[in-house]
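This report describes selected side-chain features of a predicted protein model. It treats metal coordination, helix packing, aromatic pairs and salt bridges in turn.

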Amino acid sequence: MGFSKLKIPRVCEYCSKPFEAKTVMTRFCSISCNNKAAKENKTIEKERVEKLTLLKNYAIKIAEVQSREFISVSEATVMFGISKDTVHRYIKRGIITGVNLGSRLTRVKRSDLEDLFSSVEIPDESKVEQNKPTFEIGTCYTISEIGEKFHADLSTVNRIIKRNKIPTKKVGSFVYVPKDLIDKIFEGK
Ligand SMILES: [Zn+2]
């Protein structure tokens, strides 16, 4: 591709200064901007790779811990969301099997803990997304429907909604409230 005799007006992708480009492919006003942009890209790529590696190592570590029959006390605290004291108390009481391999080298049987607790779930963004309230027909109560169903007066219903920060949607003179959230609260009472 030869150089065009025309000068092409452009804005530098790095410094945002207008300049006249020699070819349609030119993206930067100067070699300096070109180099800086390349360097920045390299840094971003490096950070991306580092983050991926970290995530991968984390996943490997979890998988590795999950495949072992005996885990350390600190691994137990992370996996099951309990304190070290709790782990030691359970060992003492014989609720879980503990093996002492030396000072600070207590190992506990993972399956014993699994029987007692479910492992801590790492929140998954797609799941969080699903928890957004929907206000579709059939998935909501009106305030008076809640009052009727759960035998509560309307001011109580309103107070509960406010206190639990339940999202509502006003349509005309009706206030709609997601059924699942209301059911959870009233049935949990
Ligand atoms: Zn520039």
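## Zinc site

The zinc ion has four protein donors, the SG atoms of Cys12, Cys15, Cys29 and Cys33, at 2.3 to 2.4 Å from the metal. The arrangement is tetrahedral because the four donor atoms subtend angles of 103 to 115° around the zinc ion; the criterion requires all angles to lie between 85 and 135 degrees. Along the sequence, the donor residues follow the spacing C-x2-C-x13-C-x3-C.

Cys15 belongs to the loop between strand S1 (8-11) and strand S2 (18-21), whereas Cys29 belongs to the loop between S2 and helix H1 (31-67), so this pair ties together parts that are 14 residues apart in sequence. Cys15 is partly exposed, at a relative accessible area of 35%. Cys29 is likewise partly exposed, at 27%.

## A salt bridge between the same two loops

The loops that hold Cys15 and Cys29 also hold Glu13 and Arg27: Glu13 lies in the loop between S1 and S2, and Arg27 in the loop between S2 and H1. The side chains of Arg27 and Glu13 form a salt bridge with an N to O distance of 2.9 Å. This pair links distant parts of the chain, 14 residues apart. Arg27 counts as partly exposed, since its relative accessibility is 42%.

## Salt-bridge network

The model contains seven salt bridges in total. Among the residues involved, Lys61, Glu64, Arg68 and Glu75 are linked in a network. Within this network, Arg68 forms a salt bridge with Glu64, where the closest N and O atoms are 2.8 Å apart. Arg68 also meets Glu75 in a salt bridge, at 3.1 Å from N to O.

How buried or exposed are Glu64, Arg68 and Glu75? Glu64 is partly exposed, with a relative accessibility of 35%, and Arg68 is partly exposed at 25%. Glu75, at 15% relative accessibility, counts as buried because the buried class covers values under 20%.

## Packing of helix H8

Helix H8 spans residues 179-187, and its buried residues are Ile182, Asp183 and Phe186. These residues cover an arc of only 100° around the axis and therefore lie on the same side of H8. In an α-helix there are 3.6 residues a turn, so residues three or four places apart point the same way.

Asp180 and Lys184 are exposed residues on the face of H8 turned away from its buried side. The elements that cover the buried residues of H8 include strand S6 (140-142), helix H6 (143-150), helix H7 (154-163) and strand S8 (174-178).

## Aromatic pairs

There are three aromatic pairs in the model. One of them joins Phe150 and Phe186 in a stacked geometry, with 4.4 Å from centre to centre and 15° between the planes. Phe150 is in helix H6 and Phe186 in helix H8, so the pair ties together parts that are 36 residues apart in sequence. Both Phe150 and Phe186 are buried.

The pair of Phe174 and Tyr176 is tilted, because the planes stand at 50°; the ring centres are 6.3 Å apart. Phe174 is partly exposed at 44% relative accessibility, and Tyr176 is partly exposed at 27%. Ring pairs also link Tyr141 with Phe150 and Phe186 into a cluster. Phe186 thus appears both among the buried residues of H8 and in this aromatic cluster.

Definitions and conventions: Residues numbered from 1 in each chain as written. Predicted model: local features only at pLDDT ≥ 70, side-chain atom pairs only at ≥ 80, totals over all residues. Heavy atoms only, no water. Donors = N, O, S within 2.8 Å, 3.2 Å for Na, K, Ca; no water. Tetrahedral: all angles 85-135°; square planar, octahedral: opposite > 155°, others 65-115°. Helix = DSSP H or I, 4+ residues; strand = E, 2+ residues; numbered from the N terminus. Buried < 20%, exposed > 50% of the residue type's maximum accessible area, 1.4 Å probe, protein only. Arc of directions from axis to C-beta. Contact = heavy atoms within 4.5 Å. Phe/Tyr/Trp six-rings, centres within 6.5 Å; stacked < 30°, edge-to-face > 60°. Salt bridge = Lys/Arg side-chain N within 4 Å of Asp/Glu carboxyl O.
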